Amino acid sequence: MRFGLLGPMEIRTDDGTALDPGGERPRALLALLALSAGRPVSAGRLKEELYGDGMPAGAANALQSQVSRLRRRLGPGGVRIDALPAGYRLDVEPGSVDAHRFAELAGEGRRALRAGHWARARELLREGLGLWRGEALADLGRLPFARVEAERLAGVRLDAREDLAQARLGLGEGAALVGELRELLRAHPVRERLYGLLMRALRAAGRPAEALAVYGDARRVLAAELGADPSPELAALHLELLSPERAVAPRPVPAALTGLIGRTRELADLGELLGGARLVTLTGPGGAGKTRLGEAAASRWAGEVCYVELAPVTDAADLSYAVLAALGVRESGFQERTGATERLLSALAAYRGRRLLLLLDNCEHLVDAAARLAGQLLAGCADLRILATSREGLGITGERLVAVEPLDAAAAVRLFLDRAAAVRPGLVLDPARVEHICAALDGLPLALELAAARLRTLTAEEIADRLDDRLLPTGSDDRFRLLSRGDRTKAARHRTLRAVVEWSWELLDEAERELARRLTVFAGGATPEAVERVCGVLDAQDVLASLVEKSLVRVVDGRYRMLETIRAFCAEQLGNEEAEFRAAFAAYFLELAESAEPLLRGPGQLRWLDRLDTEHANLLAAVRGGGASVSLRLLACLTWYGLVRGRAGELAVVARQLLAVLGEEPPAGLVEEYTLCLLAAAGNRDGDGAWEHLAARADALMHDLAARLRKPHALVLWSLVCGPRTDPGTTALTEAAYLGRDPWAVALLRMGRGFQELFAGRPGPAEEAFEAALTSFREAGDRWGTATALDSLATFAHWRGDSARALALLDEALAAVRELGAPEETADMLLRRGTVLLHSGQQAEAVALFTRSAELARDIGVPDRTTGPLRALGDAARLAGDTSRARAHYEAALEGCTATWFSNGEALRVLLGLGRTAGGEGDPVAAAEWFDRAAALAEDQPGRPVRAEIAEARAQVAAPERAAELLGEAERLRGTAVRGDLDVVRARRAARAGLSEEAYEAAYARGAQPR
């Protein structure tokens, strides 16, 4: 069977019978498979190329159907299309596809040319060029991949035609080439090699004046079309025509067309290294900018430089010829008596005593041969320095490796903005969008430049959305299609992001590819132990080391990570293995979370919280892809971690996604886990009202579960979402179930008892219970409980007017939550400390803490936690007499309140602040209205102290006798008088000033009488 792609598609059996593969889509499918003849093509790649942006929902099934139909059409030729784990493979020899046969003949012809075998080169190149029947893939030109492949093959064809012309020049056929070369130049007017070949052909024809005129044409055309001068090679040929005896100079470093951004330190380090080391190799992933950095460093070299581009060299035997050509050593036209390496060493002898730097660019595909050659050259020429670029080191003794990492965030943004300005001058971009794009593209310079180029037709918002995996179907990634239009002057493998990564992939052996595919299940890097457990690859440590050396994997703090761009490509290759390894991944992290969960509430909590922080991205990925049962168990284990570390918002998102799959009923045997999932989902109070339904369902389930929970932290989540437990029945059942449990559960119950006493207006027993809880939490080694108990005890000290004691307790609590890394609790403690400072007369310090508390709440994405600091800022302004500023803060706080019990409590205090503000402005009617609204909210608030606050607020605007009664009522409700609150102090002072001592005491006593 023969497959013709070099023209309209043509398929013929061995006896010459033509076969019709069908319409455009099956022809495209066959072309994709034929272009990788004998090798698998991933299903993801096939779907992307066949369907593009119009990919149907059932693309996998559609692809299978296309393959089945194509098999039937190719059946008479006996050709198989194999289904493999990695995709599909056309089971034919590459040589049966004319495009592969042409590439093979062109490569052999070039090698013969470089070896000086002109006749053999002419024979091979003519045979290869004879396979062409027109434009490659001519009948598929509408499809993006066909355009890219046709352009690539056309480039190889043009290279082959130039090689053939050079071979014929070597055989003395220069005069016969003039017409053909002129025709080629008309079609490709900026192709410098054609100008050089035509100049040589004219010289061979005895027409040197015309040859010199061709150089003048070249200079004018290149200046007009590219804004560039002729290359040093072409200029040297011009000089050779003028002065035949003049030697050709080494090839210089290409002139940079754009500025180098973000590599100042690396450039300085390279300059220092090259001053001492004889071999320096720049390593790093594709697209990181190794070539650009190497060129910049070589341009600063004080001596002579020779630039050698090795990417086009496909055979190790041609390496020496490539260096000879770069040095300007001309071929004689006859087969040399000595080998290329010997001739190269002989040529380098001319540089003794001179500082020569050889820049060997792109060594990775021939790394062993490049290492051998570099070793020979360094040993044979003492004055030589070599700067190499490669995706892995050369492995020579004395080699100094410099890892070229992706750009840091700031440099990536600068590069993107610089390239964007070149594409769209004056374009104003949203900094947050630019930062998102740069982060999504790993800070890879090539990816950033390709993305900036898309600003010609897309907005930054559209680019950011197409790089955001949260907006894409699971397992998909749009970056390769997005970044598929690069610099036409670059080699094909540097023109698109996919080509860059695919080049690295092709250099891996099967074991490396196997592990690279499986590593993609890790969203946040992996420890060596996790890799071995999940990936199931033999000798995983050795293979990992090899992937690191080849810049496919990075080692950061003992963890193996892939850049997201590389990970996205390798994930496409996972194929039918995906379900198996995602299940193994989820099982591994479920085991980790179940081990960690009980230890998050004891003396080892910091270590285990840090461990879960390190695995945070992996844990969320495991919840999303672990299957209903595993995901539910894993999420339940993470709910306490999420609360303590300020990650409840992220967990709420995945919890809601999981509930959408699970439905309204808990799975058998997982009621507690399902309830924790409801509580986690209800933590996202984003204004859509869904949290109320979730909270109600969780509340109903928790009443049945409270006495038999396996995870006692559920009681805390229950109180935070649904409000503190005040019903005696549930409290009694819970205490009976947990008093014999672990120290943390006992401490939690003691703290719960403290809140019960507090809400009942019994501050003495409440304080005793909190003291007992503090002792128990300290014994358990839990910082969260310790801080919470200290916070409550500080409240009692503040009530008594002992601000020094309150601040000391709050400082200890702050130290605990900061050590814990709990941002939400830290924001609350800052608010509480600021309140004590405000009422003790330290307003400036208090305002600073309120502001910091609000910023911290906003940073962690908990908007209802900003209401307290905003309300406190309103209190500070009001107490300072600035009622206008106070009202602005109160109104901003009110806007942020949701309908939760917590927000209702803050809303109530905001309403009291607005009432006090109105009273201070002499409007008692408006003040009363605000206080009435607060009283209505208090109906749904737990406990008596909140009603005491309302009574104290009313006292501030009431007549003296009524104010005294209200202050007495507040003491009766709370169980104690408040001495440390400035508003209460002012209300008390005003009431006493308007009454005699006897009248004040009598009115106060009336209010304090039990009712």
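Is W799 buried or exposed at 13% relative accessibility? W799 counts as buried. The model examined here is predicted. W799 recurs below, in a ring pair, in a ring cluster and under an arginine.

The overall layout comes before the details. The protein has 1011 residues, and buried residues make up 52% of them. Its secondary structure comes to 48 helices and twelve strands. Along the principal axes, the C-alpha atoms fill a box of roughly 130 × 65 × 50 Å. About 42900 Å² is exposed by the protein. Carbon and sulfur atoms supply 51% of that area. Among contacts with a separation of 6 or more, 67% are between residues 24 or more positions apart.

Aromatic contacts were examined next. The structure holds 16 aromatic pairs. One of them joins W744 and F777, with ring centres 6.2 Å apart. Their planes stand at 70 degrees, so the pair is edge-to-face. The cut-off for that class is over 60 degrees. W744 belongs to helix α35 (residues 743-759), whereas F777 belongs to helix α36 (residues 763-780). The pair therefore ties together parts that are 33 residues apart in sequence. Both W744 and F777 are buried.

A further pair is formed by F796 and W799. The ring centres of F796 and W799 are 5.6 Å apart. Their planes meet at 90 degrees, so this pair is edge-to-face. Both residues lie in helix α37 (residues 783-799). F796 and W799 are three residues apart there, which means a separation of about one helical turn. F796 is buried, with a relative accessible area of 3%. W799, at 13%, counts as buried because the limit is under 20%. Ring pairs also link F796 and W799 with F755, F759 and F770 into a cluster.

Two arginines lie over tryptophan faces. R974 is placed over the face of W799, at 5.2 Å from the ring centre. R355 is placed over the face of W301, at 4.3 Å from the ring centre.

The surroundings of R355 were then traced. R355 sits in the loop between α14 (340-348) and β8 (356-361). Its relative accessible area is 45%, so R355 is partly exposed. Leaving aside neighbours within four places in sequence, R355 is in contact with W301, A302, G303, E304 and D383. W301 is thus both a contact of R355 and the ring beneath R355. R355 and Y1000 are 645 residues apart along the chain. Their C-alpha atoms are separated by 100 Å.

Two further arginines share a helix. R871 lies in helix α41 (residues 867-879), and R878 is found in helix α41. R871 has a relative accessibility of 11% and counts as buried. R878 has a relative accessibility of 10% and counts as buried. Residues up to four places away in sequence are left out of the contacts given next. R871 touches Y890, A893, E906, R909 and V910. R878 touches A886, Y890, G913, R916, T917 and D983. Y890 is named among the contacts of both R871 and R878. R878 and L547 are 331 residues apart along the chain, and their C-alpha atoms are separated by 64 Å.

Cysteines were checked for cross-links. A disulfide is a covalent bond between the sulfur atoms of two cysteines. The structure holds zero disulfides. Why does C381 not form a bond with C306, which holds the closest cysteine sulfur? The two sulfurs are 12 Å apart, too far for a bond. The cut-off for a disulfide is within 2.5 Å. C381 counts as buried, at 5% relative accessibility. C438 counts as buried, at 4% relative accessibility.

Strand pairing is illustrated by β4 and β5. Strand β4 (residues 81-84) and strand β5 (residues 87-90) run antiparallel. Four bridges join β4 to β5. One of the bridge partners is R89 in β5, which pairs with D82. A hairpin through two residues joins β4 to β5.

Definitions and conventions:
Residues are numbered from 1 along each chain as its sequence is written. This is a predicted model: local features need pLDDT of at least 70, side-chain atom pairs count only at pLDDT 80 or more; totals for chains, interfaces and linings use all residues. Side-chain values use heavy atoms; hydrogens and water are left out. Rings of Phe, Tyr and Trp (its six-membered ring) pair if their centres lie within 6.5 Å; planes under 30 degrees apart count as stacked, over 60 as edge-to-face and the rest as tilted. Buried means under 20% relative accessible area, exposed over 50%, partly exposed in between (1.4 Å probe, protein chains only). A charge sits over a ring if NZ of Lys or CZ of Arg is within 6 Å of the ring centre and within 35 degrees of the ring normal. Two strands pair if DSSP finds at least two bridges between them. Contact means heavy atoms within 4.5 Å. Accessible areas come from the Shrake-Rupley method with a 1.4 Å probe; for residues, only the protein chains shown count as cover.
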